[in-house]
Amino acid sequence: MLFQQTLEKLEHFTLLATTTITATGNQTGVDLKDYDGDIQVILLGTAAGASADLTFRIEESDDNSTYTAATGGSFTAIANAAYKEVLTLNRDALKRYVRLSCTAETGAASSSVTCVGYGLKKYG
């Protein structure tokens, strides 16, 4: 059940501002130290193209330098259709920093992609 007080404390963070993705690569890390409990990460994309796809995952790091794949942080590949997927991750099980990584590109993929997260601040 959602309460007005909870909604007022809900904060969003950007893992990827809308951009066209055509190849593998990593985004800038986001510091989650002030978040508590579950976070939701939403990935939205346009069609990647015929016989093409893009695969994304959430990666985590203690130091915002060395990243590894976060458990439960893999998205389904963006293929030749409009795309939206939501992952729910437990902030308390994640390391301090997270980032979005495009881990695979098949064919001549090109998709406009956005990724945002939502969560509750500990002391909001």
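Tutor: In this predicted model, the chain reads α-β-β-β-β-β-β-β-β-β along its sequence. That pattern consists of one helix and nine strands.

Student: Why is the chain called as compact as a globular protein of that length?

Tutor: The radius of gyration of the chain is 15 Å, and the globule rule gives 14 Å for 124 residues. The two values are close, so the chain is as compact as a globular protein of that length. Along the principal axes, the C-alpha atoms fill a box of roughly 45 × 35 × 20 Å.

Student: What share of the residues counts as buried, and how much area does the chain expose?

Tutor: Buried residues make up 37% of the 124 residues. The chain exposes about 6700 Å², of which carbon and sulfur atoms supply 47%.

Student: Which share of the contacts with a separation of 6 or more joins residues 24 or more positions apart?

Tutor: That share is 83% in this chain.

Student: What makes Phe13 and Tyr35 an aromatic pair, and why is the pair called edge-to-face?

Tutor: Two rings pair if their centres lie within 6.5 Å, and planes over 60 degrees apart count as edge-to-face. The centres of the Phe13 and Tyr35 rings are 5.2 Å apart and their planes stand at 65 degrees, so the pair is edge-to-face. By this rule, the count for the model comes to one aromatic pair.

Student: Where in the chain do the two partners lie?

Tutor: Phe13 belongs to strand β1 (residues 10–21) and Tyr35 to strand β4 (residues 35–45). The partners are 22 residues apart, and the pair links distant parts of the chain.

Student: How do you know whether Phe13 and Tyr35 are buried or exposed?

Tutor: Buried means under 20% relative accessible area. Phe13 has 7%, so Phe13 is buried. Tyr35 has 5%, so Tyr35 is buried as well.

Student: What is notable about the phi angle of Ser51, and why is Ser51 called exposed?

Tutor: Ser51 is not a glycine, although its phi is positive, at about 55 degrees. Ser51 lies in the loop between β4 and β5 (53–61). Exposed means over 50% relative accessible area; Ser51 reaches 71%, so Ser51 counts as exposed.

Student: Why is Asn64 called partly exposed?

Tutor: Partly exposed residues fall between the cut-offs of 20% and 50%. Asn64 has a relative accessible area of 35%, so Asn64 is partly exposed. Asn64 sits in the loop between β5 and β6 (68–74), and its phi is positive, near 60 degrees, in a residue other than glycine.

Student: How do you know which class of exposure applies to Ser111 and to Lys121?

Tutor: The relative accessible area of Ser111 is 0%, so Ser111 is buried. Lys121 has 26%, so Lys121 counts as partly exposed. Ser111 is found in strand β9, and Lys121 lies in strand β9 (residues 111–121) too. Their C-alpha atoms are separated by 32 Å, with the residues ten apart along the chain.

Student: Which residues do Ser111 and Lys121 touch, not counting residues up to four places away in sequence?

Tutor: Ser111 touches several residues, among them Thr19, Thr20, Ile21, Gly45, Leu54 and Ile78. Lys121 touches Lys9, Glu11, Asp34 and Tyr35. Tyr35 is also a partner in the aromatic pair with Phe13.

Student: How far is Ser111 from Leu44 in sequence and in space?

Tutor: Ser111 and Leu44 are 67 residues apart in sequence, and their C-alpha atoms are 9.7 Å apart in space.

Notes. Residues numbered from 1 in each chain as written. Predicted model: local features only at pLDDT ≥ 70, side-chain atom pairs only at ≥ 80, totals over all residues. Heavy atoms only, no water. Helix = DSSP H or I, 4+ residues; strand = E, 2+ residues; numbered from the N terminus. Rg over C-alpha atoms; globule rule 2.2 N^0.38 Å. Buried < 20%, exposed > 50% of the residue type's maximum accessible area, 1.4 Å probe, protein only. Contact = heavy atoms within 4.5 Å. Areas by Shrake-Rupley, 256 points an atom, 1.4 Å probe, with all protein chains shown as cover. Phe/Tyr/Trp six-rings, centres within 6.5 Å; stacked < 30°, edge-to-face > 60°.
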